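The exercises that follow are meant to be worked through with the model on screen. Try each task before reading its solution, and keep the sequence at hand while doing so.

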Amino acid sequence: PAQEPEQDNLVVRVDSVTNEVVAGIPMESYIEELVAGEGGVWGASIQFNGPGVSFFVDRIDPATNEVVARIPDVSGPLAIGEEALWAVDRAGARAGPDGSSLLRIDPTTNEVVARIALGVAAWDIEFGEGYVWVLPLEPGVGEGDILQVDPSTNEIVERAGVTRGALY
């Protein structure tokens with residue numbers, strides 16, 4: 001999704017063998033981010049309602065190329081892992097002073113099944129090495145450390161300190 005908010009909102013499906021567009025899936029809103037897995041293609045969406053804004057995740061069924069579910073009050077970033085969709089309630093600058101909550105979403109019911117208070121504003125979420133990793137907005141030394149979340153307990157198990165210098 002690389003469209004501007006005023007453009008048509010399409011998720012384009014590309015055949016990985018031929019590199020040809022095989023479907024254009026119309027969306028009702030601006031798509032910030034996509035992830036695929038756990039039986040769906042998940043789009044973090046924003047809908048502009050006059051002066052207000054709504055955030056949600058749309059689920060696209062890859063068998064029908066249609067939106068089959070909407071999960072309200074959920075925002076990107078998104079990650080897939082450990083039989084779950086991971087998202088946040090408020091991301092980046094929208095998080096406010098209390099920070100974001102990491103949300104575990106059951107992909108079979110499209111329901112939030114766990115809410116993990118982060119205490120920082122989430123900027124990115126990744127899944128790897130059996131953990132959910134949360135990168136905060138503008139991490140600095142001693143604040144906004146990278147968070148390691150154990151998906152078996154839905155708890156933060158490590159706050160990896162951010163130091164000045166090169167990133168590896």
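**Exercise 1. Aromatic pairs**

How many aromatic pairs does the count come to, if ring centres must lie within 6.5 Å?

Solution. The model is a predicted one, and side-chain atom pairs count in it only at pLDDT 80 or more. By this rule the count comes to 1 aromatic pair. The next step is to classify the pair: the rings of Tyr131 and Trp133 have their centres 6.1 Å apart, and their planes stand at 65 degrees, so the pair is edge-to-face, the class for planes over 60 degrees apart. The last step is to look at how accessible the two residues are. Tyr131 has a relative accessibility of 27% and therefore counts as partly exposed, and Trp133, at 29% relative accessibility, counts as partly exposed as well.

**Exercise 2. The elements of the chain**

Determine how many helices and strands the chain has, and describe how much of the chain is buried.

Solution. Counting the elements gives 0 helices and 14 strands, and reading from the N terminus on, one meets β-β-β-β-β-β-β-β-β-β-β-β-β-β. Turning to accessibility, 39% of the 168 residues of the chain count as buried, where buried means under 20% relative accessible area. As for contacts with a separation of 6 or more, 31% of them are made by residues 24 or more positions apart.

**Exercise 3. Two open sheets**

Work out the strand order of the open sheet that holds β11, and then do so for the open sheet that holds β7.

Solution. The sheet with β11 has 4 strands in the order β11-β12-β13-β14, and their pairing is antiparallel. At its edges are β11 and β14 (155–160), each of which pairs on one side only. On average, neighbouring strands of this sheet are turned by 25 degrees against each other, direction ignored. To see one pairing in detail, take β11 and β12, which run antiparallel and are joined by 6 bridges; here Gly128 stands opposite Tyr131 in β12.

The sheet with β7 is also open, with 4 strands in the order β7-β8-β9-β10 and antiparallel pairing. Its edges are β7 and β10 (111–117), and each has a single partner strand, so one side of each is left without a neighbour in the sheet. Neighbouring strands of this sheet, too, are turned by 25 degrees against each other on average, direction ignored. Within it, 4 bridges join β8 to β9 (residues 101–106), and these strands run antiparallel; Leu85 stands opposite Ile105 in β9.

**Exercise 4. The nonpolar cores**

Which residues of the largest nonpolar core touch the most other members, and which elements give two or more residues to this core?

Solution. The largest nonpolar core has 15 residues, of which Trp86, Leu102, Leu118, Ile125, Val132 and Val134 touch the most other members. The elements that supply two or more of its residues are β8 (85–88), β11 (122–128), β12 (131–136) and β13 (146–150). Apart from this core lies another, of 11 residues, among them Trp42, Ala44, Val57 and Val74. As a general background, nonpolar side chains tend to be buried together in soluble globular proteins.

To follow one member of the largest core, take Leu118: leaving aside residues up to four places away in sequence, Leu118 touches Ser100, Ser101, Leu102, Val134, Leu147, Ile156 and Arg159.

**Exercise 5. Particular backbone and side-chain features**

Find where Glu38 and Asn154 lie, and state what phi value each takes.

Solution. Glu38 is found in the loop between β3 (30–37) and β4 (40–49). The two strands run antiparallel and are joined by 7 bridges, with Glu33 opposite Ala44 in β4. Their hairpin has 2 residues between the strands, and in it Glu38 takes a positive phi near 55 degrees. At 34% relative accessibility, Glu38 counts as partly exposed.

Asn154 lies in the loop between β13 and β14, and its phi is likewise positive, near 55 degrees, in a residue other than glycine. With 24% relative accessibility, Asn154 counts as partly exposed.

Two further features complete the exercise. Gly76 and Pro77 are joined by a cis peptide bond, with omega about 10 degrees, and Pro77 lies in strand β7 (residues 75–80). Finally, the charged end of Arg70 sits over the ring of Phe56, 3.8 Å from its centre.

Note on methods. Residues numbered from 1 in each chain as written. Predicted model: local features only at pLDDT ≥ 70, side-chain atom pairs only at ≥ 80, totals over all residues. Heavy atoms only, no water. Core = buried A, V, L, I, M, F, W, Y, C linked by side-chain atoms within 4.5 Å. Buried < 20%, exposed > 50% of the residue type's maximum accessible area, 1.4 Å probe, protein only. Contact = heavy atoms within 4.5 Å. Pairing = 2+ DSSP bridges. Axes fitted to C-alpha atoms, helices over the stretch in contact; angles between N-to-C directions. Phe/Tyr/Trp six-rings, centres within 6.5 Å; stacked < 30°, edge-to-face > 60°. Lys NZ or Arg CZ within 6 Å of the ring centre and 35° of its normal.
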